[in-house]
Amino acid sequence: MKSLKHLTEEIPRVGSRKSFNEYVRGMTNEYLEEARIKLEKSLQEAIDEYELTLKGAKQVRRKQYHTRLGTIHVKRKAYPHEGKWVCLADEHLSLPEESWLADVEELACVLGVNHDFANAQNLFEKWTRVKVSDHGLANRVEEVGDELFEEAKATPPAELAPLETSLTRQVRKPKEKRRVYLEVDGIMVPTREKKKDSPTGYQ
């Protein structure tokens, strides 16, 4: 990796804003690519080291992860486990099942919602260096939308307590008091008022 002094010497002494922007972009991409290669190599070495302790592998599976550094590619061996083939290194290293890491996925969704997918794909590749087709970007955005929709459906809505104010107390409909009658031996016994309508003289 280049030293800061070396980079300073490379900065264009005279040039337009466009040429300086291109220089910064090129330098950034160079640093990101170096970091991507380092991450990819380190992850593959960790996978290989763990798999040296295992036996019985008969398959090799490839995996890619879309990260903020770009896309990294790794290979893992699959082993028979409980009636199916499993890449044990994934669980050992806590590798995600999804190829899209959260930060990159978030950016894809923001661009996909606010732009047409062709333009969103161009911006996404420019900012992340992850190469994906506009169709692939659209599919991922729609998958995330479906997942969020299902989560929202499964979550019960929060109960909203009515707002208590002096105005609501004034305009609130008064509660009606219930009138209760008790009947004893066929006679209606009033709890509030008397009326001489029943055969006994009172109701």
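User: In this predicted model, which backbone oxygen does the side chain of Thr-67 reach, and how should such a polar contact be read?

Analyst: A polar contact is a pair of N or O atoms within 3.5 Å, where one must be able to donate a hydrogen and the other to accept it. Here the Thr-67 side chain reaches the backbone oxygen of Gly-70, at 2.7 Å. The side chain of Thr-67 also reaches a backbone nitrogen, that of Leu-69, at 3.0 Å.

User: Is Thr-67 buried or exposed?

Analyst: The general idea is a threshold: buried means under 20% relative accessible area. Thr-67 has a relative accessible area of 6% and therefore counts as buried. In the chain, 21% of the 203 residues count as buried.

User: Where in the secondary structure is Thr-67 found?

Analyst: Thr-67 belongs to strand β1, which covers residues 59–67. The chain has seven helices and five strands, and their pattern along the sequence is α-α-β-β-β-α-α-α-α-α-β-β.

User: Which residues is Thr-67 in contact with, leaving aside its neighbours within four places in sequence?

Analyst: Contact means heavy atoms within 4.5 Å. With those neighbours set aside, Thr-67 is in contact with Ile-72, Leu-101, Val-104, Thr-128 and Val-130.

User: For the chain, what share of the contacts with a separation of 6 or more comes from residues 24 or more positions apart?

Analyst: Such residue pairs account for 50% of those contacts.

User: How much surface does the chain expose, and what do carbon and sulfur atoms supply?

Analyst: The exposed area of the chain is about 16,100 Å², of which carbon and sulfur atoms supply 54%.

Technical notes
Residues numbered from 1 in each chain as written. Predicted model: local features only at pLDDT ≥ 70, side-chain atom pairs only at ≥ 80, totals over all residues. Heavy atoms only, no water. Helix = DSSP H or I, 4+ residues; strand = E, 2+ residues; numbered from the N terminus. Buried < 20%, exposed > 50% of the residue type's maximum accessible area, 1.4 Å probe, protein only. Areas by Shrake-Rupley, 256 points an atom, 1.4 Å probe, with all protein chains shown as cover.
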